[in-house]
Amino acid sequence: MTRRDHHGGDIYAAARDLSCSPSRLIDFSASINPLGPSKRVLRAVAKALPLTCHYPDPTCHDLVTTLASSWKLDPVHFLIGNGSSELIHLLPRALMIRHALILGPTFSEYERAVANAKGRVTYLHATRKDGYRIPVTQAITALRTNRNRFDALFLCNPNSPTGQVASSQDVLDLAGMAARRKVWVVVDESFAEYCEGHSVLGSVARAPRLMVVRSFTKFYALPGLRIGYLVGPLKAVARIRQFQAPWSVNTLAQAAAQAALEDRRHAQRSLSFMHRERTRLAKALSVIPGLHIFPAAANFLLVELPAPLEASHVTQALHQQSLLIRDCSSIPGLNGRTIRIAVRTTTENRRLVGALSRIVKGRSSINRV
Ligand SMILES: Cc1ncc(COP(=O)(O)O)c(C=O)c1O
């Protein structure tokens, strides 16, 4: 695996490295709801356990029905996947994407998925000067002439790792221009539960080239079960389904996702907690001299360290203290002083702020590698 392919959340590798149990680590490198999955989800998983001696429902019928009714869309628009990653990887193969425009800096799997399908990518990066605002207007301009013959555009909204969010109207304007140029627009809404007002999912039936990808990993805190979904035009969804391996979504994941959607109280609690704690953490970090904290719409913060500190060294120093953060220096479009920090519980966040503060003030050693 190259550095560029690296993702957050590999607690197993970190535990091996530190010769400790994964439960000793505090993982700020993957952005997962710090309240964890709801109790209702855990009960549903326990109840579904005896069904593991049967194949899972290959159509995910119950989950699709629940999703379709909550979004007021026909079930034919939905496809469930083994995490949103599976769907992101199926898309370019099924739609035969040759040249994709990616609005960066962003999640690396769009590039990998297009490359694996023998397509190529071009990045249109948000700039530091612009606070990493998602460059939707520039993308509309690029598609207007479509001199580069793009056949797809990938956009993450809210975007990881920058935390920026584009308005639903801007994304729909982009999708409108893309449809006129016969360009697919894939909107990754893996973190959209934190800002539903910006979602375009409800508009897929009216937007002929729009695909939305969602995940149960982040807000519903189920990364280990692997489940996500895609919503798009009927024919395209049917084609992507043909490329999917049978039974790729297991019984426990289906039961968990269904229960997660039904637990509105846990969802409300998670949202209020995040709004409160994200503000608190951002404030505590902003007191550390030289740290720049970008505004954030999801459950993580993009942070720039003061020179001459480097993200890789600081990440390593925190790692030695069992605190995992995401070093963003290898993400195209970000500089070598950029890190991403997930918002976790109040006590855990305090511990991170203390450790980071000691490093920045030079009171904690950094072993340069
Ligand atoms: C923006 C974004 N999209 C998609 C994924 C993949 O999530 P999953 O495959 O767990 O649904 C991730 C995971 O880190 C992500 O950050």
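## Exercises: charges and cysteines

Arg214 is buried, with a relative accessible area of just 1%. Keep in mind that this is a predicted model.

**Exercise 1.** Find out which residues are linked with Arg214 in a network of salt bridges.

*Solution.*
- Start with the idea: side chains of opposite charge can pair when their charged atoms come close.
- Now take Glu189: its salt bridge with Arg214 has its closest N and O atoms 2.9 Å apart. Glu189 lies in the loop between β6 and β7 and Arg214 in strand β7, so this pair ties together parts that are 25 residues apart in sequence.
- Next comes Glu193, which pairs with Arg214 at 3.5 Å between the closest N and O atoms. Here the two are 21 residues apart, and both are buried.
- Then try Glu196, which meets Arg214 in a salt bridge of 2.9 Å, N to O. Glu196 is partly exposed, because its relative accessible area is 35%.
- Put it together: Glu189, Glu193, Glu196 and Arg214 form the network.

**Exercise 2.** Work out how many disulfides there are.

*Solution.*
- Recall the cut-off: the two cysteine sulfur atoms must be within 2.5 Å.
- Applying it gives 0 disulfides.
- Check Cys60: the nearest cysteine sulfur belongs to Cys53, 18 Å away.
- Check Cys156 too: its nearest cysteine sulfur is that of Cys195, 10 Å away.

**Exercise 3.** Decide whether Lys39 is buried or exposed, and say what patch it helps form.

*Solution.*
- Lys39 sits in helix α2.
- Its relative accessible area is 66%, so Lys39 is exposed.
- Together with Arg43, Arg265 and Arg269, Lys39 forms a positive surface patch.

How values were computed:
Residues numbered from 1 in each chain as written. Predicted model: local features only at pLDDT ≥ 70, side-chain atom pairs only at ≥ 80, totals over all residues. Heavy atoms only, no water. Patch = residues over 30% accessible without salt bridge, like charges linked within 9 Å, V, L, I, M, F, W, Y side chains within 5 Å. Areas by Shrake-Rupley, 256 points an atom, 1.4 Å probe, with all protein chains shown as cover. Salt bridge = Lys/Arg side-chain N within 4 Å of Asp/Glu carboxyl O. Lys, Arg positive; Asp, Glu negative; His and termini not counted. Charge placed at Lys NZ, Arg CZ, Asp CG, Glu CD. Helix = DSSP H or I, 4+ residues; strand = E, 2+ residues; numbered from the N terminus. Buried < 20%, exposed > 50% of the residue type's maximum accessible area, 1.4 Å probe, protein only.
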